[in-house]
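Dear colleague,

Please find below the structure that I am handing over to you. My notes on what was found in it follow directly after.

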Amino acid sequence: MKLHEYQSKQIFARYGIPIPKGRIATTADEARTIAIELGGRVVIKSQVLVGGRGKAGGIRLAKDPHDAEEIATQILSMEIKGLPVRKVLVDEAANISKEIYLGITNDRAARKPVMMASSAGGVEIEEVARTTPEKIIKTHIDPLLGLKDYQARDISIGIDLPKQHWKLFSQIANGLWRAYQDCDATLAEINPLVITDDNRLIALDGKMLLDDNALFRHQDLAELRDLDIEASAEIEARKYGLSFIKLDGDIGCMVNGAGLAMTTMDIIKLFGGEPANFLDIGGGAGSDKVAAAMKIILTDPNVKAVLLNIFGGITRCDEVARGILVALDEVKPKVPMVVRLVGTNAEEGRQLLLDANMITADTLADAAQKAVRAVQPLGIGR
Ligand code: GDP
Ligand code: MN
């Protein structure tokens with residue numbers, strides 16, 4: 001689960017990390033009031049759960065409360081990467097003399113969290129990693145020992161931080177680590193952490209990703225979920241207990257089992273196609289779950305064909321077929337569907353689908369090839 005910038009920064013503040021004074025506004029009028037409270041010069045920041053807000057015009061400086069009102073009007077009517085801006089954060093503006101990157105994420109290979117810092121902050125860290133990887137300083141954190149003072153000091157030195165800031169930087173790094181650990185986060189990031197022209201350190205931006213599997217023990221954090229802005233497909237998927245991730249391709253996939261889903265995606269790619277999603281309906285899915293999954297796939301306008309790959313074990317193929325029929329009846333898709341059913345009650349399942357105008361396949365390779373062919377323009381590969 002992603003948190004908004006303002007939510008992440010509020011959490012950071014509880015761990016002793018300095019953040020700018022500011023509040024959330026949902027109207028331009030509120031933005032003006034907040035700007036008056038903050039003394040005039042503010043930055044208006046769209047709160048949407050995507051990156052690159054700055055580049056999209058979703059972050060702008062306002063010189064006075066009137067300006068703040070006008071800019072807030074504009075930003076509140078924007079869409080950024082398809083997401084409507086419903087809230088803006090109005091923060092007191094900072095005069096920046098240096099932008100630093102500081103973040104923590106899990107390093108799966110090392111089986112430990114890793115703290116990363118860079119003197120090249122402000123820009124996307126992926127970009128820094130690509131062009132000047134030597135500018136990223138890393139240190140692994142032992143989850144039982146926590147972040148040690150010497151590690152924070154090593155980072156300070158590594159990023160050429162002036163000595164006068166070391167103490168506060170250690171405190172910030174430590175706060176970020178505790179926030180990360182306490183919230184069961186998978187990412188906690190400050191980009192930029194700035195040195196202001198009057199030599200203060202402030203977290204101007206904040207980002208946190210929380211582990212969905214641990215949310216059950218964080219009722220307060222679970223309530224921060226922004227249903228308004230999250231993709232509706234993902235909300236639907238969660239409601240039915242489906243594991244769903246949208247991807248950029250055009251072949252919709254419905255599979256039971258995460259490993260089988262990965263394999264299916266790999267084989268689609270092997271034959272030159274691109275999957276539109278990862279979708280695991282799990283073991284023992286009933287027809288209602290299958291129907292929900294099918295509807296989620298078919299509402300993606302990029303989907304030009306669907307590949308169903310069901311290995312019936314606990315899951316019964318006839319149940320799956322019934323779910324597909326329910327979904328087809330409701331959604332009336334125009335895209336070709338390739339289905340491969342094997343295992344428990346496969347024959348009954350196939351019988352049910354006989355009249356549904358589906359392309360059947362016997363093996364996974366056969367199914368993938370048929371799906372790839374189905375999305376190719378007429379004439380190519382047919
Ligand atoms: P992001 O684009 O979504 O990562 O949003 P950020 O909050 O990181 O803002 C992007 C950039 O806008 C920062 O790196 C700063 O350069 C600039 N910016 C943000 N807040 C302020 C501010 O208060 N004053 C000034 N001068 N620049 C700011
Ligand atoms: Mn940023």
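**Ligand 1 and its surroundings**

The shell around ligand 1 divides by residue class into eight nonpolar, three polar and four charged residues. Please bear in mind that this is a predicted model.

The shell holds 15 residues, and those that come nearest to ligand 1 are Lys45, Arg53, Ile59, Ala94 and Glu99. Four strands each supply at least two residues of this shell: E2 (42-46), E3 (59-62), E7 (96-107) and E10 (185-196).

Several polar side chains approach oxygen atoms of the ligand. In lysine 45, an N or O atom of the side chain is 2.6 Å from an oxygen atom of ligand 1. For arginine 53, the distance from a polar side-chain atom to an oxygen atom of ligand 1 is 2.7 Å. Aspartate 205 also takes part, with a side-chain N or O atom 3.0 Å from an oxygen atom of the ligand. On its own, ligand 1 has 560 Å² of accessible area, and the protein covers 77% of it.

**The largest pocket**

Which space does ligand 1 take? It is the largest pocket, which contains about 1400 Å³ of space. A total of 50 residues line this pocket, and Gly51, Gly52, Glu189, Asn191 and Asp205 lie nearest its centre. Asp205 thus appears here as a lining residue and also has the side-chain approach to ligand 1 described above.

By class, the lining comprises 22 nonpolar, eleven polar and 17 charged residues. The elements that each supply at least two lining residues include helix H1 (5-14), helix H4 (125-131), strand E6 (88-92) and strand E12 (207-210). Strands E2, E3, E7 and E10 do so as well.

**Backbone features**

Two points in the backbone deserve your attention. Most residues other than glycine have a negative phi, and most peptide bonds are trans. Asparagine 191 and proline 192, however, are joined by a cis peptide bond, with omega at about 10 degrees. Proline 192 belongs to strand E10, and Asn191 is one of the residues nearest the centre of the largest pocket.

Asparagine 199, a residue other than glycine, has a positive phi, near 65 degrees. Asparagine 199 is placed in the loop between E10 and strand E11 (201-203).

With kind regards

Methods
Residues are numbered from 1 along each chain as its sequence is written. Chains are lettered from A and ligands numbered from 1 in the order in which they are written. This is a predicted model: local features need pLDDT of at least 70, side-chain atom pairs count only at pLDDT 80 or more; totals for chains, interfaces and linings use all residues. Side-chain values use heavy atoms; hydrogens and water are left out. A residue is near a molecule or strand if one of its heavy atoms lies within 4 Å of it. A polar contact is a pair of N or O atoms within 3.5 Å; within protein, one must be able to donate a hydrogen and the other to accept it, and residues adjacent in sequence count only if both atoms are side-chain atoms. Accessible areas come from the Shrake-Rupley method with a 1.4 Å probe; for residues, only the protein chains shown count as cover. On a 1 Å grid over the protein atoms alone, a cavity is a set of points where a 1.4 Å probe fits but cannot get out, and a pocket is an open set with protein on both sides within 12 Å along at least five of seven lines; lining residues have an atom within 4 Å of a point. A molecule sits in a cavity or pocket if more than half of its atoms lie within 2 Å of its grid points. Ala, Val, Leu, Ile, Met, Phe, Trp, Tyr, Cys and Pro count as nonpolar, Asp, Glu, Lys and Arg as charged, and the others, Gly among them, as polar. Grid points are joined across faces, edges and corners, and a volume is the space filled by probe spheres set on the points.
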